[in-house]
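Biologist: I'm more at home at the bench than with coordinates. Could you walk me through how to read a structure like this one?
Modeller: Happy to. Let's put it up and take it feature by feature.

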Amino acid sequence: MPQLQHETEEIQRLNQAIDAASRAMQGGQQQGGEAQIEQIGDVARQRIKEVLRERVADGLRDRLADAARERVREVVKQRLGRELRAALVDAKSSGGGGGFDFERVANRLSERFSEAVHERVADAVRERVGEALKERLQSALRDALSEGPVAERIGWDEEEQVATRIRERLEPVIREKIATAARERLREVIRERVRQALRERLRDAMQEAIAQSGNDPESFVNTLRDRLGEHIEERIAEGLKEKLREGISESLEQATRERLREAVRGALAERLASGKAGGGQQMRQGGLFGGGQMARFGNGSVGPMVEQLHGRIAEEVRNRVGEAIRERLSEQILKQRLEDVLHERLGAALRTALAEQMALGTGFDQDAIAESVRVRIADAIRNDIGESVRERVREALRDRLGEAIRNAVSQGASGAETTGGGPFAGVH
């Protein structure tokens with residue numbers, strides 16, 4: 001019996017030694033993978049920064065500048081004539097003794113008309129930046145990974161997949177920073193360019209309009225709009241192109257400083273954890289994912305874990321964040337915001353529309369008055385309610401998104417511990 005007990009203890013100690021050796025080897029492999037990821041990541045980040053500076057910034061600027069110019073042209077066509085009418089009436093009323101204040105016209109338009117232009121341009125940047133960024137960012141990242149020292153460490157078939165993972169992590173951050181920069185920085189340059197264009201051309205344009213229109217007020221306003229519109233559009237476009245380049249460059253710099261390390265490391269780790277492929281002709285010498293080994297995460301591949309977590313997180317985010325947004329965007333809140341805007345803006349819009357009709361001597365034109373009021377309050381309603389919605393969504397994300405994701409991950413880990421297997425087995 002003592003002999004049997006002794007043998008049993010020996011077997012237990014041997015099993016413990018084997019377990020310890022296995023853990024040590026796994027730890028060594030993990031440390032080796034970490035070192036590889038860190039080494040390649042350093043080189044990749046530097047190359048990606050260079051490519052983003054060289055290629056993405058200029059490409060985005062040109063694409064967004066074209067979109068912004070389209071919106072400027074639309075606003076000139078839709079709003080400039082009505083804003084000119086209001087500014088002319090205002091300048092005559094303030095002149096006194098039959099005088100006319102040209103500077104007041106320039107100032108009035110630089111405030112009211114430029115505000116409408118700014119809102120449309122900011123919306124255009126937000127709408128177009130995602131598509132433009134996705135096109136240029138993917139190709140830039142792919143090229144950065146397929147050239148130079150990084151190319152020697154990543155497999156022939158890996159660049160596109162790793163680039164996609166990095167883009168997915170960087171794109172939302174860059175997109176939001178560019179949209180925010182456009183809204184915050186373009187207002188002043190638009191205002192100044194409108195004022196500059198009017199100071200350069202207003203007197204000459206009015207002389208031409210008077211000479212061509214005779215005593216027809218509507219013809220006068222239309223001619224004045226045509227003479228000023230192209231010049232205003234050109235001046236704004238010049239300023240926007242310069243300011244967009246500056247904002248895009250700074251946004252890219254901020255995003256790469258804040259998120260690039262995490263994005264590159266996460267993409268490389270994901271490819272390593274997936275056990276993509278061993279050695280062979282597909283892989284370059286010494287590639288990160290080569291060497292004839294199948295890297296694994298825990299006791300199974302990362303694929304099932306991603307699939308299960310994806311479903312859990314999506315469900316939690318839909319439930320928790322969706323509920324928070326619904327609470328913050330109740331019908332009563334939106335109605336109250338609309339009521340506030342109407343209280344602040346409708347009276348002034350009506351007075352301006354009626355003053356225009358009196359100044360033009362066209363009588364009570366209900367269609368013209370309705371359109372004038374619509375133009376003046378539409379942007380105010382859209383901007384005020386839009387900003388209110390954005391703020392409520394930001395609050396909901398800040399309060400509930402992290403909680404939803406943590407809860408989903410916690411549920412997944414708890415389920416794995418209960419069953420003792422599955423994609424979460426061995427993950428702590």
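Modeller: Let's begin with confidence: pLDDT is the predictor's confidence in each residue, from 0 to 100. We need it here, as this is a predicted model. The chain has a mean pLDDT of 75, and 73% of its residues reach 70 or more.

Biologist: Over which residues is the pLDDT below 50?
Modeller: One such stretch is residues 24-32, and beyond near neighbours in sequence it has 0 contacts in the model. Residues 276-300 also stay under 50, yet for them the model has 56 contacts beyond four places in sequence.

Biologist: How should I treat places like that?
Modeller: Where pLDDT is low, the predicted coordinates should not be read in detail. That applies to contacts drawn there too, so I would leave them out of a close reading.

Biologist: Which element has the lowest mean pLDDT, and which the highest?
Modeller: Helix α3, residues 148-151, has the lowest at 64, while α4 has the highest at 88.

Biologist: Now the overall fold. How many helices and strands are there?
Modeller: The chain has 8 helices and 0 strands. Reading from the N terminus, the order is α-α-α-α-α-α-α-α.

Biologist: And what share of the contacts joins residues far along the chain?
Modeller: The idea is to take contacts with a separation of 6 or more and ask how many span 24 or more positions. In this chain that share is 81%.

Biologist: What about the surface: what part of the chain is buried?
Modeller: Of the 428 residues, 39% are buried. The chain exposes about 23200 Å², and carbon and sulfur atoms supply 48% of that area.

Biologist: Let's pick a single residue. Is R193 buried or exposed?
Modeller: The cut-off for buried is under 20% relative accessible area. R193 has 18% relative accessibility, so it counts as buried. Its place is in helix α4, which covers residues 159-213.

Biologist: Which residues is R193 in contact with, leaving aside its neighbours in sequence?
Modeller: Leaving aside those within four places, the partners are R235, I236, E238, G239 and E242. With E238 there is also a polar contact, side chain to side chain, at 3.4 Å.

Biologist: E200 caught my eye as well. Where is it?
Modeller: E200 is in helix α4 too. Its relative accessibility is 35%, so E200 counts as partly exposed. Beyond four places in sequence, it touches H231 and R235.

Biologist: What kind of contact joins the side chains of E200 and H231?
Modeller: A polar contact of 2.6 Å. The side chain of E200 makes another polar contact, at 3.2 Å, with the side chain of R235. Compare that with the backbone view: the C-alpha atoms of E200 and H231 are separated by 9.2 Å, with their positions 31 residues apart along the chain.

Biologist: How far apart in space are E208 and F220?
Modeller: C-alpha to C-alpha, 9.0 Å, for a pair 12 residues apart in sequence. E208 lies in helix α4, and at 35% relative accessibility E208 counts as partly exposed.

Biologist: Let's move along the chain. Where is G311?
Modeller: G311 lies in helix α6, residues 302-328. At 36% relative accessibility, G311 counts as partly exposed. The C-alpha atoms of G311 and A408 are 8.9 Å apart, although the two residues are 97 apart along the chain.

Biologist: And what does I333 touch?
Modeller: Not counting residues up to four places away in sequence, I333 touches E327, R328 and R392. I333 sits in helix α7, residues 331-360, and is partly exposed because its relative accessibility is 24%. Its C-alpha atom is separated by 9.9 Å from that of V389, 56 residues away along the chain.

Biologist: Last topic, rings. How many aromatic pairs are there?
Modeller: The rule asks for ring centres within 6.5 Å, and the count comes to 0 aromatic pairs. A ring can also have a charge over its face, so that is worth a separate look.

Biologist: What lies over the face of F102?
Modeller: R203 does, at 4.1 Å from the ring centre.

Technical notes. Residues are numbered from 1 along each chain as its sequence is written. This is a predicted model: local features need pLDDT of at least 70, side-chain atom pairs count only at pLDDT 80 or more; totals for chains, interfaces and linings use all residues. Side-chain values use heavy atoms; hydrogens and water are left out. Helices (H or I, at least four residues) and strands (E, at least two) are DSSP runs, numbered from the N terminus. Buried means under 20% relative accessible area, exposed over 50%, partly exposed in between (1.4 Å probe, protein chains only). Contact means heavy atoms within 4.5 Å. Accessible areas come from the Shrake-Rupley method with a 1.4 Å probe; for residues, only the protein chains shown count as cover. A polar contact is a pair of N or O atoms within 3.5 Å; within protein, one must be able to donate a hydrogen and the other to accept it, and residues adjacent in sequence count only if both atoms are side-chain atoms. Rings of Phe, Tyr and Trp (its six-membered ring) pair if their centres lie within 6.5 Å; planes under 30 degrees apart count as stacked, over 60 as edge-to-face and the rest as tilted. A charge sits over a ring if NZ of Lys or CZ of Arg is within 6 Å of the ring centre and within 35 degrees of the ring normal.
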